[in-house]
Amino acid sequence: MKLLLLAPLLAPVLGLPRHQVEPPPAAPPKVQVYVFLGQSNMLGYGQIAPQDKPGTLLNLVHEQGKYAWLLDEEGGWVERDDVHYAQTTVNHRDFPLTVKDRFVGVELPFGHVVGDATEAPVLLLKACIGNRSLGWDLLPPGSERFEHGGRIWAGYKDSPNSWEKGTEPEPINWYAGKQYDDDTANAKKVLAELEKHMPGYEGQGYEIAGFVWWQGHKDQNPALASRYEQNLVHLIKTLRKDFDAPEARFVLATIGFGGEALAGPGLQVAEAQLAVDGRTGKYPEFADNVRCIDARPWWREKDVSPNGRGYHYNHNAETYMEVGRELGEAMVSILPARSGPR
């Protein structure tokens with residue numbers, strides 16, 4: 001009996017086989033979440049069809065030979081099982097990353113770039129709606145009133161957006177920051193119910209890996225443009241605090257309406273966006289975690305585009321594809337190095 005009890009201890013000495021114990025399975029990595037915010041061009045208005053119209057995605061792929069990586073071996077659109085997309089506003093929906101519906105947005109190339117660079121599953125979480133300004137609708141909590149042109153402009157929760165200096169404001173059915181509150185609440189609702197939106201989710205949790213911002217058209221007036229840089233810096237810091245993600249990376253694209261012809265308050269907005277790029281040194285705390293790409297080189301004129309809606313970049317799919325690609329590459333360039341699974 002004593003020999004039997006000692007057998008496991010004597011096994012190495014006597015050369016006897018030891019019972020093999022299988023190591024526990026590795027825990028699945030956390031879902032890497034990228035939150036997309038902005039206005040209508042972040043929603044995505046790159047036209048997909050028809051194939052015979054310049055600037056559509058079908059024309060770019062099949063007539064110009066671009067973005068062949070979007071096609072599978074049968075010539076259909078690639079569908080990724082490691083990158084998922086969820087949209088909280090305007091046709092609420094979620095699906096594996098692929099070409100879908102009438103339009104393409106920056107999330108398509110972004111998701112491919114980041115997905116290729118990430119071993120963990122990825123969720124692209126889009127929470128935005130069109131016709132919204134940073135200086136009013138998306139104004140982050142804590143923003144203060146300011147004076148410009150003889151008027152007082154709203155701080156967070158003020159209403160209306162401005163009023164004549166020396167008078168009392170008469171509130172309307174909206175307030176400064178209402179869209180910020182709605183968009184962040186919608187995004188958090190998805191995160192609280194991740195199993196409903198992320199196929200294969202095993203309860204392993206998630207990490208806000210980054211924020212993606214493309215916005216600015218509605219801020220092209222002297223008052224809001226003068227405040228854009230200050231508001232943007234505050235937005236970056238507030239989003240990280242609100243989502244309890246102090247290490248989350250932040251990438252953005254400038255507005256690019258008219259390309260190099262962009263001028264006036266529009267140019268002031270673009271310059272404010274470039275000013276927060278961590279490489280400029282203007283904001284040392286953003287050095288290794290914020291990047292801005294210039295969208296102006298990807299402006300395409302209406303004669304090579306599906307239509308002439310300049311505020312939607314003439315619906316040219318190449319603009320959205322290239323801006324999204326650069327945003328993805330900028331994000332990958334600043335993602336923190338990890339020694340183990342994320």
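Let's start with one pair of residues: Phe-36 stands opposite Lys-126 in β6. That pairing belongs to a longer match, since strand β1 (residues 31-38) and strand β6 (residues 122-126) run parallel and are joined by five bridges. Keep in mind as you click around that this is a predicted model.

Zoom out from β1 and β6 and you reach an open sheet of seven strands. Reading across, the order is β4-β3-β6-β1-β10-β11-β12, and the pairing is mixed. At the edges sit β4 and β12 (290-293), each of which pairs on one side only. Ignoring direction, neighbouring strands in this sheet are turned by 20° against each other on average.

How far should you trust what you're looking at? The protein chain has a mean pLDDT of 92, with 92% of its residues at 70 or more. The stretch to treat with care is residues 1-12, where the pLDDT is below 50. Beyond near neighbours in sequence, that stretch makes four contacts in the model.

Now for the other sheet on our tour. It is open too, with three strands in the order β7-β8-β9 and antiparallel pairing. Its edge strands are β7 (146-148) and β9 (162-164), each pairing on one side only. From one strand to the next, the twist averages 30°. Look closely at β7 and strand β8 (residues 151-153) and you'll find three bridges holding the antiparallel pair together. One residue to pick out here is His-148, whose bridge partner in β8 is Arg-151. Helix α7 (residues 222-242) lies across β7 and β8, and it runs at about 135° to β7.

Next, the open spaces. The largest pocket has a volume of about 370 Å³. It is lined by 22 residues, and the closest to its centre are Leu-43, Gly-44, Arg-93, Asp-101 and Phe-103. Which elements each supply at least two residues of that lining? They are β3 (83-87), β4 (93-96), β5 (103-104) and α4 (107-117). Two of those names should ring a bell, as β3 and β4 are also strands of the seven-stranded sheet. By class, the pocket lining is made up of 11 nonpolar, five polar and six charged residues.

There are enclosed spaces as well: searching the whole structure turns up three cavities of 30 Å³ or more. The largest cavity has a volume of about 40 Å³. Its lining comes from separate parts of the sequence, including Gln-39 and Asn-41, the run Trp-214, Gln-215, Gly-216 and His-217, and then Ile-255, Phe-257 and Tyr-313. Sorted by class, those lining residues are four nonpolar and five polar, with no charged ones. The pocket, by contrast, has six charged residues in its lining.

Finally, a few backbone details to check in the loops. Most residues other than glycine have a negative phi, and most peptide bonds are trans. Against that background, the bond joining Ala-49 and Pro-50 is cis, with omega about 5°. You'll find Pro-50 in the loop between β2 (46-47) and α3 (57-62). A cis peptide bond also runs from Ser-159 to Pro-160, where omega is near 0°. Pro-160 sits in the loop between β8 and β9, so to speak back in the three-stranded sheet's territory, whose order is β7-β8-β9.The last stop is Asp-244, which has a positive phi of about 50° although it is not a glycine. Asp-244 lies in the loop between α7 and β11 (249-253). That loop links two elements you've already met: α7 is the helix lying across β7 and β8, and β11 is a strand of the seven-stranded sheet.

Key
Residues are numbered from 1 along each chain as its sequence is written. This is a predicted model: local features need pLDDT of at least 70, side-chain atom pairs count only at pLDDT 80 or more; totals for chains, interfaces and linings use all residues. Side-chain values use heavy atoms; hydrogens and water are left out. On a 1 Å grid over the protein atoms alone, a cavity is a set of points where a 1.4 Å probe fits but cannot get out, and a pocket is an open set with protein on both sides within 12 Å along at least five of seven lines; lining residues have an atom within 4 Å of a point. Grid points are joined across faces, edges and corners, and a volume is the space filled by probe spheres set on the points. Helices (H or I, at least four residues) and strands (E, at least two) are DSSP runs, numbered from the N terminus. Ala, Val, Leu, Ile, Met, Phe, Trp, Tyr, Cys and Pro count as nonpolar, Asp, Glu, Lys and Arg as charged, and the others, Gly among them, as polar. Two strands pair if DSSP finds at least two bridges between them. Axes are lines fitted to C-alpha atoms, for helices over the stretch in contact, and angles run from 0 to 180 degrees between N-to-C directions. Contact means heavy atoms within 4.5 Å. pLDDT is the predictor's confidence in each residue, from 0 to 100.
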